[in-house]
Amino acid sequence: MRQYLGLIAGCVLVAMGTAFLLSPATRVYGVMVIVSGIVGVWYGIVTLRQSRQDKYDLSKLFEGDPMPEGGEETLPDKSGYCSVCGAFIASPYKPCPKCGAAL
Ligand SMILES: [Zn+2]
C-alpha cells in the first residue's frame with residue numbers, strides 16, 4: 001500500500017493544480033503543483049516497478065551460492081540420528097554409541 005502513496009498523492013496534486021489553473025491569479029501555482037504532482041506520480045511508478053522487480057525478478061533466482069549437487073564425488077552424509085533409539089551419531093561408520101545398532 002505504501003508504494004501507491006506517491007501515485008495517489010501525485011494524482012491529488014495534479015487535480016489541485018488543475019483547479020488552480022482555472023483561476024488566472026493562481027495559474028502559476030497551478031503549473032507548479034501539477035509539475036510536482038507529475039513528479040510524485042513518476043516517483044510512485046518507479047517505486048512500484050522496483051518493488052515488483054524485487055519480488056519477481058527471475059534473474060536473481062540463480063544468484064548466491066549454488067545448491068550442492070549430490071553425486072559420485074561426494075559421499076552421502078549418513079551422520080545424524082540413530083533410527084532405533086534416536087541418539088546423535090557423529091560417524092556413519094560406527095555403530096550407535098547408545099544402543100549399538102549398526103546403520
Ligand atoms: Zn541407537
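Leaving aside residues up to four places away in sequence, which residues does Thr18 touch? The answer comes below, after a quick look at the chain.

## The overall layout

What you have here is a predicted model. The protein chain carries two helices and two strands, and reading along the sequence gives you α-α-β-β. In other words, the helices come up before the strands as you follow the chain.

Burial is scarce: out of 103 residues in the protein chain, 7% count as buried. As for contacts, take those between residues at least 6 apart in sequence, and 33% of them link residues at least 24 apart.

## Thr18 and its partners

Back to the opening question: Thr18 touches Gly30 and Ile34, once residues up to four places away in sequence are set aside. Thr18 itself sits in helix α1, which spans residues 3-22. Helix α2 covers residues 27-56, so both partners of Thr18 have numbers that fall inside that helix.

Val31 is worth a look too. Thr18 and Val31 are 13 residues apart along the chain, and their C-alpha atoms are 8.0 Å apart.

Is Thr18 buried or exposed? Neither outright: Thr18 has 13 C-beta neighbours inside 10 Å, so it counts as partly exposed. A residue needs 20 or more to be called buried, and 12 or fewer to be called exposed.

## Ile8, elsewhere in helix α1

Ile8 is another residue of helix α1. Its count is 13 C-beta neighbours inside 10 Å, and therefore Ile8 is partly exposed.

How far apart in space are Ile8 and Val41, C-alpha to C-alpha? The separation is 7.5 Å, for a pair that lies 33 residues apart in sequence.

## Gly44, over in helix α2

Now switch to helix α2, where you'll find Gly44. Why does Gly44 count as partly exposed? Because 19 other C-beta atoms lie within 10 Å of Gly44, while the buried class starts at 20.

Gly44 also has a distance to check against Ala9. These two are 35 residues apart along the chain, with 8.9 Å between their C-alpha atoms.

Definitions and conventions. Residues numbered from 1 in each chain as written. Predicted model: local features only at pLDDT ≥ 70, side-chain atom pairs only at ≥ 80, totals over all residues. Helix = DSSP H or I, 4+ residues; strand = E, 2+ residues; numbered from the N terminus. Contact = placed C-beta atoms within 7 Å.
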